[in-house]
Amino acid sequence: MTPSTPASPPPQWEELQPRLDRLARLLDSAVRLPGTQIRVGVDALIGLIPGVGDVAGLLLGLWLLWQARSLGAPGEVQTRMIGNLALETVLGSVPLVGDLFDIAWRANQRNLDLLRAWAEPAAPPEPVRTRRLWPLAVLVALVGIVAWQVIA
């Protein structure tokens, strides 16, 4: 067992977990789009508001990070959580492409999965495939930024 893995879940985890689950679901997958299997959350919907929406989504996502910090999650977990939020915020700010990225990336659910994998080491964590998506995310960001500059 590594030093950053707790021997048992932090005592507050049992109390916080249901609230964190509800928050991640609300932000990332609360509503199914009619006629599709695609689910969107408040984060993607408020992200449609230029400028303000992406900042509001970031602030809501930071609450999950704050809770991870209060539980004593190690720096590596918190750093990955920050990376997920930063990527979603930066790419989400690109008009249209960013909104689609918000729906697909689901940073809050990814962050909850990271936190759960740390807090419940006995439970097999669901794979977080962030490393494979980084090149695609960077490419989408570059194309979006270039398109944004051409349009503006």
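Which residues does Leu20 touch, not counting residues up to four places away in sequence? Keep that in mind while we look around; this is a predicted model, and we will come back to Leu20 shortly.

**The whole chain**

Start with the protein chain in cartoon view. You should find seven helices and two strands, arranged along the sequence as α-β-β-α-α-α-α-α-α. Now switch on the surface: the chain exposes about 9,000 Å², and carbon and sulfur atoms supply 67% of that area. Of the 152 residues, 38% count as buried. If you display contacts between residues at least 6 apart in sequence, 62% of them join residues at least 24 apart.

**Helix 1**

Next, select residues 13-29, which form helix 1. Put a distance marker between its end C-alpha atoms, and it should read 22 Å; the 17 residues, at 1.5 Å each, should span 24 Å, so the two values agree.

Now show the side chains of its buried residues: Trp13, Leu16, Gln17, Leu20, Leu23, Ala24, Leu27, Asp28 and Ser29. Several of these recur at short intervals along the helix, and there is a general reason to look for that. An α-helix has 3.6 residues a turn, so residues three or four places apart point the same way. To see what the buried residues of helix 1 pack against, add strand 1 (31-32), strand 2 (39-40), helix 2 (42-46), helix 3 and helix 6.

**Leu20 and the largest core**

Here is the answer to the opening question: Leu20 touches Trp13, Trp63, Leu64, Gln67, Leu112 and Leu115. Leu20 also belongs to the largest nonpolar core, which has 18 residues. Within this core, Trp13, Leu20, Met81, Leu115 and Trp118 touch the most other members. Colour the elements that give two or more residues to the core: helix 1, helix 3 (52-71), helix 4 (75-92) and helix 6 (107-119). Helix 1 gives the most, with six residues.

Apart from this core lies another, of six residues; Leu85, Leu91, Phe101 and Trp105 are among them. As background, nonpolar side chains in soluble globular proteins tend to be buried together.

**Three loop residues**

Move on to Pro74, in the loop between helix 3 and helix 4. Is Pro74 buried or exposed? Its relative accessibility is 16%, and because the cut-off for buried is under 20%, Pro74 counts as buried. Try a distance from here to Leu115: the two C-alpha atoms are separated by 9.6 Å, while the residues are 41 apart along the chain.

Then select Leu96, in the loop between helix 4 and helix 5 (97-105). Its phi is near 60°, a positive value in a residue other than glycine. Leu96 is exposed, with a relative accessible area of 62%.

Continue to Arg106, in the loop between helix 5 and helix 6. Arg106 too has a positive phi, near 50°, and is not a glycine. At 23% relative accessibility, Arg106 counts as partly exposed.

**A last stop on the surface**

Finish by selecting Val55, Leu59 and Leu62, which make a nonpolar surface patch of about 260 Å². Val55 is found in helix 3, and at 47% relative accessibility this residue counts as partly exposed.

Key. Residues numbered from 1 in each chain as written. Predicted model: local features only at pLDDT ≥ 70, side-chain atom pairs only at ≥ 80, totals over all residues. Heavy atoms only, no water. Core = buried A, V, L, I, M, F, W, Y, C linked by side-chain atoms within 4.5 Å. Buried < 20%, exposed > 50% of the residue type's maximum accessible area, 1.4 Å probe, protein only. Helix = DSSP H or I, 4+ residues; strand = E, 2+ residues; numbered from the N terminus. Contact = heavy atoms within 4.5 Å. Areas by Shrake-Rupley, 256 points an atom, 1.4 Å probe, with all protein chains shown as cover. Expected span 1.5 Å × (residues − 1). Patch = residues over 30% accessible without salt bridge, like charges linked within 9 Å, V, L, I, M, F, W, Y side chains within 5 Å. Salt bridge = Lys/Arg side-chain N within 4 Å of Asp/Glu carboxyl O.
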